[in-house]
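Reader: I would like a close look at a single part of this model. Please take one helix, then work outward from there to whatever it leads to.

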Amino acid sequence: MNPAEESDRKLVDSWTENAEAWTQVVRDQLIPSRRDGTDAAIVMACLTLGAGPVLDVGCGEGWLVRELGLRGVPATGVDVSAPLITRAQERGGGAFAVATYEDLERDANVVAGPWHGIVCNFSLLSDPLHPLLRALRSRLDANGRLLIQTVHPWTAKGDAPYRSAWRTESFDAFAVPFPSPMPWYYRTLASWLEEIAVAGLRVERIDEPVHPTTGSPLSLVLHCRTA
Ligand SMILES: C[S@@+](CC[C@H](N)C(=O)[O-])C[C@H]1O[C@@H](n2cnc3c(N)ncnc32)[C@H](O)[C@@H]1O
């Protein structure tokens, strides 16, 4: 296994080990940036899609699927983490299944759709992304959109160089202890646009929600459609 494959394996495993802690921080609203605007930003972006079913890829414990269901948008969530999918199914409010990104790339029958909207909310954490993005593009209906919310490269850069690279999230700043650090791939804006273009998609709009008092960017929301 090369270092990138090893990082990817640890990333995936971390979401099984951290499932309980993650469920708690999401359900108790313990992530400030989510309260400050990123939850609202992705819900609004999904609602701009209009009627039609939505697939939430990397849905975690399922909050966005439930939120869309409450607003009359039927949604389905998939995630690699069996304990997170169990927590989502216990709460209900939509359909949920265990599936990995690799499953979606390999088998067109997995959550085949076609979907009017596909959403990845802070769930694209690996490298490369274009094989998955291509697999998602093939599941969109003729007017479908892929929505990606991710950390804003400017805010997430911190003191490290502005260069795409694997990093590690320790979750130390979170209000509850997480048992497993998570490798994740920090991506520059150019790298996001490159992965999207190689997958045969184009960005038609970018939202940059900002913190209500500091004005710092909270995230990037990329609205993509077939090129
Ligand atoms: C930061 S969490 C976001 C969860 C959810 N979208 C939310 O907004 O709360 C990232 C999610 O991506 C999922 N994920 C990461 N890599 C995956 C993979 N290879 N296949 C399927 N799911 C994956 C994780 O299990 C985790 O639930």
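**Helix α1 and its surroundings**

Author: Start with length, because at 1.5 Å a residue the 15 residues of α1 should span 21 Å, and its end C-alpha atoms are indeed 21 Å apart. Keep in mind that this is a predicted model.

Now the sides of the helix. S7, D8, L11, S14 and W15 are the buried residues of α1. They cover an arc of only 120° around the axis, so they sit on the same side of α1. The general rule is simple: an α-helix has 3.6 residues a turn, so residues three or four places apart point the same way.

What does that buried side of α1 pack against? The partners are two helices, α2 and α5 (82-91), and two strands, β6 (165-169) and β7 (182-186). Turn α1 over and the face away from the buried side carries E5, E6 and R9, which are exposed.

Take R9 from that face. R9 belongs to helix α1. R9 counts as exposed because 12 other C-beta atoms lie within 10 Å, and the cut-off for exposed is 12 or fewer. Along the chain, R9 and P183 are 174 residues apart. In space, their C-alpha atoms are 9.0 Å apart.

Next, the ligand. α1 (3-17) and α4 (63-70) each supply at least two residues of the shell around the ligand. α1 gives the most, with three residues. The shell has 19 residues, and W15, G58, G60, V80 and S123 come nearest to the ligand. W15 is thus among the nearest residues, and W15 is also one of the buried residues of α1. By class, the shell holds 12 nonpolar, six polar and one charged residues.

α4 deserves its own look. Its buried residues are W63, L64, V65 and L68. The cover over them includes the helices α2 (19-27) and α3 (32-47). It also includes the strands β1 (54-57), β2 (75-79), β3 (95-98) and β4 (115-121). α2 therefore turns up twice: it packs against the buried residues of α1, and it helps cover those of α4. After α4 comes G72, with a positive phi near 85°.

Now follow the chain past β4. The loop between β4 and α7 (130-137) holds P128, and F122 lies in that loop too. L124 is also placed between β4 and α7.

F122 has a positive phi of about 55°, although it is not a glycine. F122 counts as partly exposed because it has 18 C-beta neighbours inside 10 Å.

Is L124 buried or exposed? It counts as buried, because it has 22 C-beta neighbours inside 10 Å and the cut-off for buried is 20 or more. Beyond its neighbours within four places in sequence, L124 is in contact with L129, I148 and T150. The C-alpha atoms of L124 and Y185 are separated by 8.7 Å, with their positions 61 residues apart along the chain.

P128 brings a cis peptide bond: it is joined to D127 with omega about -5°. A cis peptide bond also joins G113 and P114, with omega about 10°. P114 sits in the loop between α6 (101-106) and β4.

The loop between β6 and β7 holds F171. β6 and β7 are the strands that pack against the buried residues of α1. F171 is not a glycine, yet its phi is positive, about 65°. With 19 C-beta neighbours inside 10 Å, F171 counts as partly exposed.

Then the core. The largest nonpolar core has 53 residues. Which of them have the most contacts inside it? They are I42, C46, V54, I118, V119, L146 and L147. L146 is worth a closer look. Leaving aside neighbours within four places in sequence, L146 is in contact with I118, L136, R137, L140, L201 and C224. I118 thus appears both as a contact of L146 and among the core residues with the most contacts.

Last, an exposed site. P212 lies in the loop between β8 (201-207) and β9 (220-226). P212 counts as exposed because it has 10 C-beta neighbours inside 10 Å. Apart from neighbours within four places in sequence, P212 is in contact with D36 and G37. P212 and K157 are 55 residues apart in sequence, and their C-alpha atoms are 20 Å apart.

Technical notes
Residues numbered from 1 in each chain as written. Predicted model: local features only at pLDDT ≥ 70, side-chain atom pairs only at ≥ 80, totals over all residues. Near = placed C-beta within 6 Å. Helix = DSSP H or I, 4+ residues; strand = E, 2+ residues; numbered from the N terminus. Nonpolar A, V, L, I, M, F, W, Y, C, P; charged D, E, K, R; others polar. Core = buried A, V, L, I, M, F, W, Y, C linked by C-beta atoms within 7 Å. Contact = placed C-beta atoms within 7 Å. Expected span 1.5 Å × (residues − 1). Arc of directions from axis to C-beta.
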